[in-house]
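Let's take a walk through this structure together, one region at a time. Please keep the sequence and the 3D view side by side as you read.

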Amino acid sequence: MGIYEELGIRTLINAHSTITRIGGSIMPPEVISAMAAAANCFVDIHELQRRVGERLAQLTHNEAAYVTSGAAGGLTLATAACVAGTDPAAIRQLPDLTGLKNEVIIHRSHRNGYDHPVRGVGVKLVEIGYMMGTFPWELEHAITPQTAAVLWFQGPMTGHGDLPLKTVIEIASAHQVPVIVDASAQLPPTENFWRFTEMGASLVIFSGGKDLHGPQSSGLIVGRKDLIEAVRANGSPNHALGRPMKVSKEEIIGLLTAVQLYLEIDQEGRKARDEETVARWRQALNRIPGVQAERSFPNEAGQPLPRMAVQLDAARLGKTRDQVVDLLATGEPAIIVALAGADGIFVNPMTLSPGEDQIVLDRLLETLQAA
Ligand SMILES: *Cc1c(COP(=O)(O)O)cnc(C)c1O
């Protein structure tokens, strides 16, 4: 902690989620020591990516895999791969799309800030559907010779009038159009490593710095061998669009280690611990007049883990929700929680280190009971 103190920066307790703006997740010691060991020598990065990719493919039951600079970097590389393939002239030409496929299809209801890394390749997003529903013919109609890929966001955007992913894959595959699935925050469950590719998705992208607990700026793409070769060709250290999305030898090794560890996690046991924490928190908080604490499931990313939703009655508490959030964030220790609607907060055990569940409860009680 000395390192942050010296800079005059307060450390935070993360009761929010694996959000990037406060650091995502904490790497376990095994990942840190693997990264430290990787830092000691030079290696051929092409060879390292290839060998680690083979391991990751095996571990995640996929044809091929590649380590990226976060899931966002993965989205850019996956798109570049679908547009330029392994053609050196096309790769050099990007993001100029003259003569290349220049459209990516997306459900209108899936539009979100993470489609920017896709648009970064220069492609136009072609939107289909409404929140109220989407017809298969809309996807059929949107597919043209200019279509590079169909982009699918798995998570909170899913299920609002979109076609089932299965249908999207069927239609796209019939036209030889790849389907890119952004599954960045879709671990757990562990089976998601292979679930989407088994369904027929072409490339599936995960964040390394969220629940995988790998290096914060790492990511993982799994999927079709030919497309992973194209991802590789468009990625660093090659002089290509992906060159600014460099992944270091330490991060490559760190991500591999994180995936190995992840496959061994007892997800049921972990969920049970989080359930116990949420139950204990609720019981304590519901004794305070003006506070109503409930279990909320699944969490904001759709992961099968519980968190606590707390409704705050400002009149009875004598402070508003925003004041409570502020007191938690500026108190000692500082605690970051998520907003729930207009007058509630979410408190999430998922990102807490051992022992922090009690600190969070004590601070919540203190903050909510203070006059
Ligand atoms: C977090 C997230 C990303 C970005 O992941 P990084 O690893 O931080 O780059 C992309 N898409 C979705 C849906 C996400 O939730």
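Helix α12 covers residues 267-285, with helices (H or I, at least four residues) and strands (E, at least two) taken as DSSP runs numbered from the N terminus. Its 19 residues reach 27 Å from the first C-alpha to the last, close to the 27 Å expected at 1.5 Å a residue; the expected span is 1.5 Å times one less than the number of residues. Before going further, note that this is a predicted model, in which local features need pLDDT of at least 70 and side-chain atom pairs count only at pLDDT 80 or more, while totals for chains, interfaces and linings use all residues. Residues are numbered from 1 along each chain as its sequence is written, and side-chain values use heavy atoms, with hydrogens and water left out.

At the start of α12, a side-chain oxygen of aspartate 266 comes to within 3.2 Å of the backbone nitrogen of glutamate 268. Further along, the buried residues of α12 include Arg270, Asp274, Glu275, Val278 and Trp281, where buried means under 20% relative accessible area, exposed over 50% and partly exposed in between (1.4 Å probe, protein chains only). Among the elements that cover the buried residues of α12 are α11 (249-262), β9 (291-296) and α15 (356-369).

Threonine 277 is a good place to pause in α12. Why is threonine 277 counted as buried? Its relative accessibility is 7%. Leaving out residues up to four places away in sequence, threonine 277 touches Pro349 and Asp357, a contact being heavy atoms within 4.5 Å.

The same helix brings us to the largest pocket, since α12 gives the largest share of its lining, seven residues. About 1,600 Å³ of space lies in this pocket. Of its 48 lining residues, the closest to the centre are Ile26, Thr351, Leu352, Ser353 and Glu356. By class, the lining has 22 nonpolar, 13 polar and 13 charged residues. On a 1 Å grid over the protein atoms alone, a pocket is an open set of points with protein on both sides within 12 Å along at least five of seven lines, a cavity is a set where a 1.4 Å probe fits but cannot get out, and lining residues have an atom within 4 Å of a point.

Next, the enclosed space. A search of the whole structure finds one cavity of 30 Å³ or more. The largest cavity has a volume of about 30 Å³, and Ser184, Lys210, Asp211 and Gln303 are among the residues that line it.

Gln303 also leads to asparagine 299, as a polar contact of 2.7 Å joins their side chains. Asparagine 299 sits in the loop between β9 and β10, and it counts as buried because its relative accessibility is 5%. Its contacts, not counting residues up to four places away in sequence, are Leu305, Arg307 and Met350.

Now turn to strand β4 (residues 124-128), which holds valine 126. At 19% relative accessibility, valine 126 counts as buried. With residues up to four places away in sequence set aside, valine 126 touches Glu103, Val104, Ile105, Ile106 and Ala142. From valine 126 to isoleucine 169, 43 residues apart along the chain, the C-alpha separation is 17 Å.

Isoleucine 169 is one of the buried residues of helix α8 (residues 165-174). The cover over the buried residues of α8 includes β3 (103-107), α7 (136-142) and β5 (147-153). After α8 comes glutamine 176, whose phi is positive, near 55°.

Conventions
Polar contact = N/O pair within 3.5 Å; in protein donor to acceptor, adjacent residues only side chain to side chain. Points joined across faces, edges and corners; volume = space filled by probe spheres on them. Nonpolar A, V, L, I, M, F, W, Y, C, P; charged D, E, K, R; others polar.
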